[in-house]
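This report walks through a two-chain model, from single loop residues to the shared core. Keep the sequence and the coordinates open while reading.

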Amino acid sequence: MKRRLFECFSLAKCVAFLAVLPLFVFTFIFIIGPLVYMLVLSFLQRAEVWGVVNKFTLKNYIDIFKPIYLKTFIESFKLALTTTFLIAIIGYPFGYFMAKLDGKWKKRMMFILFIPFWTSSLIRLYGWIIIFRANGILDKLLMALNITDAPLKLLYTYPAVVVGMVYALLPFMIYSVYSSAEKLDWSLVEAARDLGASSLQAFWTISFRLTMPGLLSGVVLTFIPSMGLFFIADILGGNKVVLVGNLIQEQLMKAHNWPFAAALSVVLMILTSLMIYIYRRISNVKELEGLV
Amino acid sequence: MKNNTKLANFYLGLILVLMYLPIIIVIIYSFNSSRISSVWGGFSLKWYEELLRDKSMFDAMANSLILASSSSILAAIIGTLAAVGMPKVNLRSKGVIEYISTLPIMIPEIILGMVFLTYFSLIRLPFGMITLVIAHTSFCIPYVYMLVKARLVGIDKSLVEAAKDLGASEIRAFFDITLPLILPAILSGMLLSFAMSLDDVVISIFVTGVNTNTLPIKIYTQLKTGVTPKINALSTLMLGATLLICLLSVWIGKLGSHHREDLKMEGN
C-alpha cells in the first residue's frame, strides 16, 4: 500500500495518471453508466401512461418472443444476411482487384473511394430516392429501353432497401478485403501457377484462403450495422420494411415503452457481441492455418 | 493475362460509377428549375437562392458546425491525453476501460442513441446542444485514440530518451518531441471525428432537444415528409465541403509522411 502511494508520487506516474483521467471519467459516466442503466431498465415495468415503475419483471424479455416481434428479428436477420452476402460478392472482387493495382493507382483509388464514404449518407440516400421514384430515372430508362412497359415503382419496396443498405455499407467490405489482399505475398500465387495450378486453383488455394480474415472482418463490419440502420429502411422502405432498429425507435419515440426498447437493445447487443466473438475465434484459427 | 486485368479494371470502373451515380444525380438536380424531380425544367440557380433565404437552414448548419467542432476538439483532447498516458499507467482496469471506451463505434448506432436518450433523462440533463456534444464526443474519442495510439507505436523511443538525457522534463519532452510527431495523427483523428459528427443522424435524432436541429436531422425530416429541391442545393454545397475535407486530409497525410522522412534524414 505504502509502495503504491509512493509510486503515484513519482512525478511521471502522476502526470500519466492525470492524462488518462478524463477518459476514465468520461467512460464511467457516459458509457458504462448508460449501458448499465439500459440493462436495469430492461427488467423494469412500464408505467400506465408515461415513464417507468421501479418493479422487477421479466415481461419485456418474454414479449420479444411474441410472434410479431420475433418476426421482426427474423426479418432483420434475413435482410442483414442478404445485404452482407451481396456486399461480399460485390466488395470482395473490388478490394482484391484494387490490391493488384500499381502503387500510384492504389492511392488514387483510396481517394476516389474516400469521397462517397465521407459524404453524408442522407445525401446518397436521396440520390437513390430520385432514381427509384415512380416515373423516376430508372423507370424512364427501363421504359425507354423497352425492358418494362410500366413503371416499376421501386421506391418503398424491399429491393430498394437492400440496394440502399448494400450501397451504404459496401466501403467497409472493400477496405477490409483490400487491406488483407494488400499484404498478400503474390509470389506464392506465382509459385502455385508455376507448379501447374490453373489460375482458378491458385486463387482458391492461396489468395482466397489468405484474404479470408479480411473477408470475415468485412462481414462483421457490415452485418452489425445492417441490423440497426433504421433510417435506410425508413426512407427507402416506407413503412413496409420493419427492422429491429425501427422497432426500437418506435418503442422509444412513439409507444414510449422504454423498458421494452431496452430489452430489445440488450438482445441486439448480445447478438452483435456474439458475432464479434465468433469472428475472433474463426479468424484466429484461420491465421494459424495461414502460418502452417 | 492482359484480358484479365482489363476485366478487373472494367469491374472497378463499373462499381465506382454506381457508387457515384446517386451523388452525381443529386448535383445535377440541384440545378433543375422544376419543382418535381422527375421532370427536367432547365438550368436554374433558384434553389440556391431559396436556400440562402432560409434562416432555419442556416441555424441548422450553424448547429452542426458547432457540434462537430466541439465534439472533435473534446475528443482530440481526451483521446490524445489517454493514448499518451495509457502505456505509462499501471492500473489493472485499464484494458477494460480501453475496450469499453471503444464500444461506441462497435455497437449498432441505434443502441447508443437509445441508451443516451434514457440515461440523459434519468440524470435530468436538458436535451439540446449539451447532450448532442456528449453523445458525439463518445463516438469521436475512439477514432482519435486509436489513430494516436497507432502513431505512438511507430515513434522512435530513443528521441524522447535523448531529450530527457539532455535535461528536458517529462512534460517538456512531450511538447517538444512527442506532440509534433503525433500531430498528424491527432489532426486526422479530428478530421474523421468532424466528418462522422457532421454525418450522424441516428444518434442525433435521439439526443436532440425540440429546438435544436442539426443539418442531418433537418434533411432526414424533409426526406420523410416531403422534399423540396432546396435539399439538392444544400446537398451539393455539403458535397463541396466534403471534398474540401478529403483534400485537406490527404494534405495532412502528406505533411505527416514528409515529417517522418525529415526525421529519418535527421536520424541518419
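A residue is buried if 20 or more other C-beta atoms lie within 10 Å of its own, exposed if 12 or fewer, and partly exposed in between, with C-beta atoms placed from the backbone. The model is predicted: local features need pLDDT of at least 70, side-chain atom pairs count only at pLDDT 80 or more, and totals for chains, interfaces and linings use all residues. Residues are numbered from 1 along each chain as its sequence is written, while chains are lettered from A and ligands numbered from 1 in the order in which they are written.

**Loop residues**

Start with Phe127(B). It counts as partly exposed because it has 18 C-beta neighbours inside 10 Å. Phe127(B) lies in the loop between H5 and H6 of chain B. Helices (H or I, at least four residues) and strands (E, at least two) are DSSP runs, numbered from the N terminus. Which residues does Phe127(B) touch, not counting those up to four places away in sequence? They are Phe120(B), Val207(B), Thr208(B) and Gly209(B). Two residues are in contact if their C-beta atoms, placed from the backbone, lie within 7 Å. Val207(B) is 80 residues from Phe127(B) along the chain, yet their C-alpha atoms are separated by 6.3 Å.

Two loop residues other than glycine have a positive phi.

| Residue | Phi | Loop | Other C-beta atoms within 10 Å |
|---|---|---|---|
| Tyr156(A) | near 65° | between H7 (137–144) and H8 of chain A | 18, partly exposed |
| Arg124(B) | near 55° | between H5 and H6 of chain B | 6, exposed |

**Chain B**

Chain B has 11 helices and zero strands. Its C-alpha atoms fill a box of roughly 70 × 65 × 35 Å, taken along the principal axes. Of its 268 residues, 41% count as buried. Among contacts in chain B with a separation of 6 or more, 79% join residues 24 or more positions apart.

One helix pair shows the packing. H7(B) (residues 157–165) and H8(B) pack at an angle of about 145°, with axes 10 Å apart. Axes are lines fitted to C-alpha atoms, for helices over the stretch in contact, and angles run from 0 to 180 degrees between N-to-C directions. From H7(B) come Leu159(B), Val160(B), Ala163(B) and Lys164(B); they meet Ala173(B), Asp176(B), Ile177(B) and Thr178(B) in H8(B). These residues divide into five nonpolar, one polar and two charged. Here Ala, Val, Leu, Ile, Met, Phe, Trp, Tyr, Cys and Pro count as nonpolar, Asp, Glu, Lys and Arg as charged, and the others, Gly among them, as polar.

**Where the chains meet**

The contact takes 62 residues from chain B and 68 residues from chain A. H1(B) gives the most to the chain B side, with 13 residues. By class, that side has 49 nonpolar, eight polar and five charged residues.

**The core**

A nonpolar core is a set of buried Ala, Val, Leu, Ile, Met, Phe, Trp, Tyr and Cys residues joined through C-beta atoms within 7 Å. The largest one has 145 residues; those touching the most other members include Tyr126(A), Ile232(A), Ala82(B) and Phe116(B). Helix H8 (residues 158–182) of chain A supplies the largest share, 16 residues. Beyond its neighbours within four places in sequence, Phe116(B) is in contact with Pro34(A), Ala135(B), Ile203(B), Phe206(B) and Val207(B).
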